[in-house]
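Trainee: I am new to this structure and would like a close look at a single part of it. Please take one strand and go through its surroundings.

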Amino acid sequence: MDANKRERYKKISIELTRLAGGKENIQGVAHCATRLRIVLKDNDLADLKAMEDVDLAKGVFVAGDQVQIIFGAGLVNDVYEVFAEHNNMKNMSLSDLKTVANKKMNPLQRMIKALSDVFVDIMPGILAAALLTGLSGVLGNFEIVKSNDTLYGINRLINISSGAIFGFLPLAVAYSACKRFGGRPILGIVIGCIMLSNSLADAYAAAQGTVEVTTLRIFGLGVDLVGFQGGIIVALLMGFVTAKLDIFFEKKVPEVIRLLVSPLLTTLVGALLLFTLIGPAGRGLSSGITNILVWMTQNLGVFGYAVFSGLQQLVVITGLHHIFGAIEAQLLADTGRNFINPLMSVAIIAQGGAVLAYLILHRKNVKVRELCIPSFISVLFGITEPALFGINLRYRFPIIGGCVGGAFGGVIVYLTNLAALGFGTTVVPGIALADPAGNGYMNYIIAHAAAIAGGFFMTLVLGKFMDKAPVEETRAADIPSGEVQTENLNEAAMEAPQKEVFYAYAQGQMILMEEVKDETFANKVLGDGVAIIPETGNVYAPADGSIISVFDTKHAVCFASSCGTQILIHIGIDTVNLQGKYFQAHVQDGDQVKKGQLLISFDKEQIRKEGYDTVIPMIFTDLEEGRRLEASAPRKVHTDQVAAVIHQA
């Protein structure tokens, strides 16, 4: 690094340190391929807006309690070196930085983040089930669907599909939790299968007393052989325990018998804990919450109604909300009216109001729109899991806003003596169940309007104080800023041609950049491009050119074509965390390469097993004004097919 550059980076470091709240506010610093990552003692002391104007910075956001400043491939290495030296924090790895960031969180924050992480991976399944359930409910109300064999059959299949996904939700949660806490995901699936085994009595039927439950005696304890349908809390706990057991036995069991004995012990000990300790404790916790809420509605008047509708959606998180069906059935049998149904309904729509508020706060974020809109639609049909786990619980303050909105709706339900004449459906379809006595239909609409408005406005207010840039939407994708130095490029080669062709750099399915499941790539923050979902573990040169740099982690390579066009080929999403594991570089910095020459090879299957998306974006980082990218249409591609063309205006 020459003296002029070092002096420039020193000025950047001094300015960043000042804007970060001084050296005493900086707890740790590291970098990935393109971003300087800083952990601060107090983020409120930092001027993030002013950081965006720092020399060479291309963007600033907070993700995972790290302040991340985008500088770009190559450049960030030099800035980091000077910044770390200035703050006496050399040689800190990304792993070290994450440890520091996690220590900043209090236990509740760590728990909520872990819960959010668990549900991120399984959210598409929950969303699909929710929308299918709503669709089935709507179609089932049409007489033509009931009377036509084909339409009835299709609707029945839709209903089966949606019910199946929710029926196996504890299995999905156990899988994702085991994966999140460092265990082998397949063992989480095994525990989930045990929880839902057909050798056990169905949990809902057992709660209603319609099936006979077998009881075993183990260590003097009575163990009821009842399944864990709807047992989300139990599944979360078992996923965590299974992961820790797996890690423990993998370390302790001798290598010669580890493959057979370690998973056996993990599954055996996990199953014993499930039936003797964790299962009963989880059930007790969930049932206690439910019983308390019901008691309040029956004994505390308007306050009880408000608390029930305000907190009812928290019961959904436990999975024990299904037990309300038995309580509603008993209410109808005893009184002919069901006041719990409208309370649950306003609680649901209030969470929808919170979703809409979050959408307004982040309306420019493509990923937020993609998640919020279908989640809100599912809320209209009475399904809140996508909204709860995908947005409201994930970002904390919307769940609070939704609960407050639910309480508003509960007050209206009490004051208007609103009740239902049945149970099993809520929100839009649920109006058909409302007791029409005393302007019941109008009161139903008013109560829901109050709930959605309360959830919406309370979330907006809380967002002013508690909102942060969405962590997952601004996830740490390693994207260059176009600041890569190219002093060694031939000057004559810098003359842009009228047309420059780039071929497929991997074999697989080409997709649009907008379809990449990462906010920074999809929004083309620092460059347009294309992406390929690979079928093999090889990445090739898309044109003749030279290697600017191969990252130390070997998951990305900066390349300059013979005409001087700079690109970044990035293998996978967040694969920087693998620290080079499963990657092998076949070229070095400064190498001259030909189209089709092997650049990087990687173990695609092992990377996927580690939980990483293996999509490979290719980003054009320095297209000058007047140069236009034309990406090929999505299709299967081989390395002899064109992926993109650069046109000169």
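Mentor: What follows is a description of one strand, its two partners and the sheet around them. This is a predicted model, in which local features need pLDDT of at least 70 and side-chain atom pairs count only at pLDDT 80 or more, while totals for chains, interfaces and linings use all residues. Residues are numbered from 1 along each chain as its sequence is written, and side-chain values use heavy atoms, with hydrogens and water left out.

The strand is S12, which covers residues 556-561. Strands here are DSSP runs of E with at least two residues, numbered from the N terminus. Two strands count as a pair if DSSP finds at least two bridges between them.

S12 belongs to an open sheet of eight strands with antiparallel pairing, in the order S15-S11-S12-S13-S17-S9-S8-S19. The edges of this sheet are strand S15 (592-593) and strand S19 (636-637); each has a single partner strand, so one side of each is left without a neighbour in the sheet. In the order of the sheet, S12 stands between S11 and S13.

Take the S11 side to begin with. Strand S11 (residues 545-550) pairs with S12 in the antiparallel sense, over five bridges. In this pairing valine 550 is opposite valine 557 of S12. The hairpin of S11 and S12 has five residues between the strands, and lysine 554 there takes a positive phi near 60°.

On the S13 side, S12 runs antiparallel to strand S13 (residues 566-570), and five bridges join the two. Two opposite positions can be named here: cysteine 558 faces leucine 568 in S13, and alanine 560 faces glutamine 566 in S13. The hairpin of S12 and S13 has four residues between the strands, with glycine 564 at a positive phi near 95°.

Next come the side chains of S12. Ala556, Cys558 and Ala560 point one way from the strand, and Val557, Phe559 and Ser561 point the other way. Are these residues buried or exposed? All of them are buried, where buried means under 20% relative accessible area, exposed over 50% and partly exposed in between, with a 1.4 Å probe and protein chains only. Because six of the six residues of S12 are buried, the strand is largely enclosed by the rest of the structure.

To put the picture together: S12 has an antiparallel partner in S11 and another in S13, and its residues are buried whichever of the two ways they point.
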